[in-house]
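Reader: Before accepting the labels attached to a model, I like to see each value set against its cut-off. Could you take me through the reasoning, term by term?

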Amino acid sequence: MRDGKKRNFRQAFNHLVPVDPEKTWKILEDAIDEIYNQNVSSLSYEDLHRNAYNMVLHNFGDKLYSGVVSSITSHLKEIADSMEIVQGPIFLENLIYKWTEHNKAVQLIRDILMYMERTYLKNTHKPLLHELGLNLWRENVIYSEKIQTRLRDKFLGLVHRERGGDVINRGLMRSLTKMLMDLCPSVYQENFEKPFLDESADFYRAESQQCIEHFNCGEYLKKAEKRLNEEIERVSNYLDVKTEAKIVSLVEKEMIESHIERLVHMENSGLVSMIMDDDKLEDLSRMYTLFGKLPNGHTIIRDVMTSHIRETGKDLVMDQERLKDPVNFVQDLLNKTDRVDKIISLAFNNDKAFQNAINSSFSYFINLNPRLPEFISLFVDEKIRNGLKTDKEVDIETVFDKVMILFRYLEEKDIFEKYYKQHLARRLLLGKTFSEDAERSFIVKLKMECGHQFTSKLEGMLSDIKTSQHTMQRFNAAMSGAQLTDCPSLSVQILTTGCWPTQSSPSCSLPLEILKVCDKFKNFYLGTHMGRKLTWQTHMGTAVLSATFGNVQKELIVSTYQMSILYLFNYVNRVSFKQIECATKIPSSDLKRVKIGTAVSEKESEKEMQETRLRVEGDRRHEIESAIVRVMKSRRVLDYNSIVTEVTNLLQSRFLPNPTVIKKRIESLIEREYLERDKSDMRFYRYLA
């Protein structure tokens with residue numbers, strides 16, 4: 001029974017129904033006509049599929065395939081002819097409609113010829129029906145002389161209208177792009193993308209030339225940004241995604257790169273004008289973003305910006321009128337750094353390359369004026385003494401942070417240290433510090449920047465003041481009331497030699513009342529600190545005098561020198577310079593500089609500045625020699641260039657040593673037998689233990 005069923009199955013499978021190829025194809029051809037005529041309700045897909053199956057089975061696949069190609073081609077030519085008479089805006093809509101109906105027709109034909117597609121087409125490596133439908137549409141419709149040019153012109157015309165502000169049917173444009181891409185990416189590229197890019201280049205070339213003549217820089221950049229965003233939006237709405245990079249590059253070239261130099265240097269609105277106007281940060285940010293898309297865009301901005309900063313900075317630091325007021329001068333510098341920092345952070349996205357270029361520019365012009373270290377110290381001195389009374393909204397820590405920015409630019413940090421030590425000493429000795437915490441805070445910032453060695457003496461000065469306060473408390477407690485009743489009140493600051501900016505200067509002749517109480521303190525101090533030596537630094541002291549001018553009582557805060565001079569007028573009404581010199585024993589050079597009423601730090605005179613410079617140069621010689629010895633002790637043998645490099649690296653946190661000075665110090669160390677030239681190679685130096 002099983003064998004019988006099996007035999008019947010084979011007989012049914014092998015049974016061949018006779019086929020008349022002409023008659024069968026005619027049936028299928030008529031069906032294709034009905035499909036393209038959208039009259040498919042009367043078709044029997046089962047019968048049509050069976051007819052197509054039998055033709056392939058009886059080896060009439062070639063006839064079936066060629067007939068299908070011929071039939072579809074005929075219908076597509078009719079479509080192309082019908083499109084010729086379509087005029088106006090409905091041309092593109094009609095084309096998309098015909099394209100949609102063609103795809104539906106091909107899908108129905110595929111359903112009928114499914115067996116041919118699975119067997120005959122795969123075996124003969126001919127295009128499948130879907131691909132065949134695309135190829136035939138491309139060749140007979142899209143590449144038709146009647147359609148190809150009109151399609152391109154209509155497409156580009158709609159884009160042009162949209163650029164002009166008109167609203168177009170983006171859905172239609174999206175369908176057209178999809179049709180071209182479905183046919184083949186090359187069809188889209190050749191028939192639309194290339195003409196689109198060529199037309200866009202002409203459009204933006206003309207528009208940019210017109211805009212550059214009538215717009216200022218900020219307005220032009222807004223226009224360029226708007227056009228770029230429009231093109232990106234256009235691609236996202238109805239063009240192929242790969243077109244975006246090409247059209248964006250084209251707009252950047254025509255609207256920005258072609259006019260970049262003119263935009264940057266545009267009079268009254270270019271880069272320099274934007275930098276000087278606090279309200280142009282948005283325009284600067286736009287320029288940074290747009291120029292950043294070009295190969296050298298940011299470089300051009302950096303070069304112009306740094307050139308401007310160097311020129312204006314040089315004018316600022318060399319302006320003699322501004323230099324007359326060191327505090328306001330430094331405030332102007334801080335305002336300049338604030339403005340530039342604001343641009344870098346808000347407009348240039350904290351770009352490190354820009355930050356480095358700005359740092360280099362500030363370092364250049366700040367070090368053009370040798371008085372900057374002194375002026376920065378005077379600025380800090382004024383802020384610490386007054387405690388920001390004029391601007392309560394600004395925190396002292398914020399001011400210190402800004403000052404540290406200027407400090408980092410200084411190459412001669414050791415000169416700043418010298419002046420800061422003098423000003424700090426004056427504040428501490430006069431009691432002019434509004435906050436000890438502020439003093440320590442700034443010293444901590446210096447320590448973090450330059451290391452412990454840079455601030456060790458400054459910290460020692462603060463420690464001495466604290467220790468002196470405790471010492472005076474013990475002295476006053478030790479002295480009975482009777483012992484100090486007839487004496488002026490005395491406050492002594494015990495200064496550690498080496499920490500303070502003391503100079504060898506003979507003590508002046510103090511009034512007898514002052515000498516008595518000074519001797520009492522000296523005896524007390526030496527009695528409790530065996531082996532120590534006290535040297536009175538009268539040129540660093542101060543005094544509070546009670547003076548009577550007619551019927552008016554006044555208190556005068558003066559230096560010790562001034563006190564000794566004023567004390568003479570208790571006995572005479574007029575006294576000569578020579579008499580003052582003999583009575584007070586104040587050195588003539590110091591006496592000439594004494595001014596009654598001066599109790600704050602002031603800008604040094606030219607002569608005083610030269611003296612400070614000479615002292616700094618002397619300190620530098622010792623530091624350079626010490627650095628050379630440290631380097632040679634660790635390396636033993638080095639050539640001259642290597643010594644210069646390593647010594648510079650060691651000392652650059654304080655100052656930049658001159659190679660000529662380094663060479664002189666090397667020669668000095670050779671004379672003193674710390675170093676010697678290598679006997680086998682005179683280019684090298686050898687350390688002598």
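Labels and their cut-offs

Reader: Why is Lys585 called exposed?

Author: Lys585 has a relative accessible area of 51%, and the label exposed is given over 50%, while buried means under 20% and partly exposed covers what lies in between, with a 1.4 Å probe and protein chains only; Lys585 therefore counts as exposed. Lys585 sits in the loop between α29 (577-584) and α30 (588-593), where helices (H or I, at least four residues) and strands (E, at least two) are DSSP runs numbered from the N terminus. Its phi is near 60°, a positive value in a residue other than glycine.

Reader: On what kind of model do such labels rest?

Author: The model is predicted, and local features are reported only at pLDDT of at least 70, side-chain atom pairs only at pLDDT 80 or more, whereas totals for chains, interfaces and linings use all residues. Residues are numbered from 1 along each chain as its sequence is written, and side-chain values use heavy atoms, with hydrogens and water left out.

Reader: What makes Asn59 exposed?

Author: Asn59 reaches 70% relative accessibility, so it counts as exposed. Asn59 is in the loop between α3 (45-57) and α4 (61-84), and its phi, near 65°, is again positive in a residue other than glycine.

Reader: Why is Thr471 called buried, and what does Thr471 touch?

Author: The relative accessibility of Thr471 is 3%, so the residue counts as buried. Thr471 lies in helix α25 (residues 452-478) and, leaving out residues up to four places away in sequence, touches Ile494, Phe521, Phe524 and Tyr525, contact meaning heavy atoms within 4.5 Å.

Reader: How do you know that the whole structure has zero disulfides?

Author: A disulfide is a covalent bond between the sulfur atoms of two cysteines. The search requires a pair of cysteine sulfur atoms within 2.5 Å, and across the whole structure it finds zero such pairs. For Cys508, the nearest cysteine sulfur is that of Cys518, 9.9 Å away, and Cys508 is in no disulfide. Both residues are buried, Cys508 with a relative accessible area of 6% and Cys518 with 6%.

Reader: What makes the contact between Arg286 and Asp283 a salt bridge?

Author: A salt bridge requires a side-chain nitrogen of Lys or Arg within 4 Å of a carboxyl oxygen of Asp or Glu, and the closest N and O atoms of Arg286 and Asp283 are 3.0 Å apart, so the pair qualifies. Both residues lie in helix α16 (residues 281-291), three residues apart, about one turn of the helix. Arg286 is buried at a relative accessible area of 8%, and Asp283 is buried at 9%.

Reader: Why does the pair of Arg620 and Glu617 count as a salt bridge?

Author: Their closest N and O atoms are 3.6 Å apart, which is within the limit, so the pair is accepted. Because Arg620 and Glu617 are three residues apart in helix α31 (residues 606-635), about one helical turn separates them. Arg620 is buried, with a relative accessible area of 9%, whereas Glu617 counts as partly exposed at 32% relative accessibility. The search of the whole structure finds 58 salt bridges, and Glu162, Arg163, Arg170, Glu199, Glu231, Glu233 and Arg234 are linked in a network of them.

Reader: What makes Met318, Tyr364 and Leu368 a nonpolar patch?

Author: Patches are made of residues with over 30% relative accessible area and no salt bridge, like charges being joined within 9 Å and nonpolar side chains (Val, Leu, Ile, Met, Phe, Trp, Tyr) within 5 Å. Leu368 has a relative accessible area of 32%, so it is partly exposed, and it is found in the loop between α20 (352-366) and α21 (372-386). Together the three residues, Met318, Tyr364 and Leu368, have about 250 Å² of accessible area, an area obtained by the Shrake-Rupley method with a 1.4 Å probe, for which only the protein chains shown count as cover.

Reader: How does the radius of gyration of the protein chain stand against that of a compact globule?

Author: The rule, taken over C-alpha atoms, is 2.2 Å times the number of residues to the power 0.38; it gives a value near 26 Å for a compact globule of 689 residues, but the protein chain has 47 Å. Along its principal axes the C-alpha trace spans about 150 × 65 × 60 Å.
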